[in-house]
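Colleague: Thanks for making time for this one. Could you talk me through how each label was earned?

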Amino acid sequence: MSSYKFAQKPFNFVPPDKGSFPLDHDGVCKDLMMKYMDCLAAYKRENSKCREEIKNYLDCRMNNELMTRESWKNLGSVAALKIPLLVNKLLEIKKVNIKIVTTRHALHFFKKKDVGNVDVLTDDNEWKSWKNRGDPVLHIELTKWADLFVIAPLDANTLGKLANGLCDNLLTCVARAWNMNKPFLFCPAMNTRMYEHPITSKQISTLTSWGYIEIPVVSKMLVCGDKGLGAMAEVDTIIQLLGGALSLFRMHYAVSVGLTEDWMRNQS
């Protein structure tokens, strides 16, 4: 086995175990892979349009022992695909109004029509809503409007931005301007190898040290074929924690402004 040195420390290459997406040297699943890639190209990389193609491709890999056999109900998915389900569950909570702030790339994985009448806001809304000095600034107005902020999913790129105070889009501007007296929750979601990188735990610790609430990842077979930690928490888990955080905030708000017990009961 070859051995190289990086930064004066020995590094040994270790071949991947099956289940870590080894190369398909014999090309047994190549045709299905190409159909999946063609589908992505045809739909401008909207994964939600190519679910059947990716299922067929991964089935082929599992059938040919190129990845660990898993039930489809246990397979993770691109976390942004779960946004419509998360929104529908949130709308079941009493007296909840929702606005979605999305990055441009997240729109590859869900359609605005998938979330019904819920507002979906992007960078374009930020710039179109501001014309002259003195006009309302969208990311500031959102922090005033909302009682609770959750980023689900929070990918490695945006995690790095938040931990370092960067704010180059509507989502990260809302995060940077967020009122720290209100709940801020985040749901990491990324490939296992990215999640296990040492910088990830440091960045998550930075966020939690500010009072942000982490909803931890779970271990699953990911769509990329890797199995391990990194998948976004289950939607039901997120809903339960969001509901609890919102109830606590409403109770705290009621006490701080001297509202009645009847008002608090009506909010629960």
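**The cysteines and their neighbours**

Modeller: Let's start with C173, which is buried, with a relative accessible area of 14%. Keep in mind that this is a predicted model.

Colleague: What makes C173 buried?

Modeller: The cut-off for buried is under 20% relative accessible area. C173 has 14%, so the buried label applies.

Colleague: And why is C173 not counted as bonded to C167?

Modeller: A disulfide needs cysteine sulfur atoms within 2.5 Å. The closest cysteine sulfur to that of C173 is in C167, 4.6 Å away, and that is too far for a bond.

Colleague: Is C167 buried, exposed or partly exposed, and how do you know?

Modeller: Partly exposed covers what lies between the 20% and 50% limits. C167 has a relative accessible area of 37%, so it is partly exposed.

Colleague: Which cysteines do form a disulfide, and what makes you call it one?

Modeller: C29 and C60 are joined, with 2.0 Å from S to S. The limit is 2.5 Å, so the pair qualifies. The structure holds one disulfide.

Colleague: What does the link of C29 and C60 tie together?

Modeller: C29 lies in the loop between β2 (9-12) and α1, while C60 is in helix α2 (residues 51-63), so the bond connects parts 31 residues apart in sequence. As for handedness, the angle about the S-S bond is -90 degrees, and the link is left-handed.

Colleague: Are C29 and C60 buried or exposed?

Modeller: Set both against the 20% limit. C29 has a relative accessible area of 0%, so it is buried. C60 has 11%, so it is buried too.

Colleague: Let's turn to α1. How do you know whether its length fits a helix of that many residues?

Modeller: Helix α1 runs over residues 30-42, which is 13 residues. From its first C-alpha to its last it reaches 18 Å, close to the 18 Å expected at 1.5 Å a residue.

Colleague: Which residues of α1 are buried, and why do you place them on one side?

Modeller: Y36, C39 and L40 are the buried ones in α1. They cover an arc of only 100 degrees around the axis, so they sit on the same side of α1.

Colleague: What does the other face of α1 carry?

Modeller: The face turned away from the buried side of α1 has the exposed residues D31, K35, A41 and A42. Exposed here means over 50% relative accessible area.

Colleague: What makes T102 buried, given that it is in a loop?

Modeller: The loop in question is the one between β3 (99-101) and β4 (119-121). T102 has 4% relative accessibility, so against the under 20% cut-off it counts as buried. Not counting residues up to four places away in sequence, T102 touches L107, F110, V120, L121 and T122.

Colleague: Where is L148, and which residues does it contact?

Modeller: L148 is in the loop between α5 (138-145) and β5 (149-154). Leaving aside neighbours within four places in sequence, its contacts are W178, P183, L185, L242, A245 and L246. L148 and A245 are 97 residues apart in sequence, yet 8.1 Å apart in space, C-alpha to C-alpha.

Colleague: And what about the chain as a whole?

Modeller: The chain has 11 helices and nine strands. Of its 268 residues, 40% count as buried. Among contacts with a separation of 6 or more, 64% are between residues 24 or more positions apart. The accessible surface comes to about 16,300 Å², and 53% of that belongs to carbon and sulfur atoms.

Terms used: Residues are numbered from 1 along each chain as its sequence is written. This is a predicted model: local features need pLDDT of at least 70, side-chain atom pairs count only at pLDDT 80 or more; totals for chains, interfaces and linings use all residues. Side-chain values use heavy atoms; hydrogens and water are left out. Helices (H or I, at least four residues) and strands (E, at least two) are DSSP runs, numbered from the N terminus. The expected span of a helix is 1.5 Å times one less than its number of residues. Buried means under 20% relative accessible area, exposed over 50%, partly exposed in between (1.4 Å probe, protein chains only). The arc is that of the directions from the helix axis to the C-beta atoms. Contact means heavy atoms within 4.5 Å. Accessible areas come from the Shrake-Rupley method with a 1.4 Å probe; for residues, only the protein chains shown count as cover.
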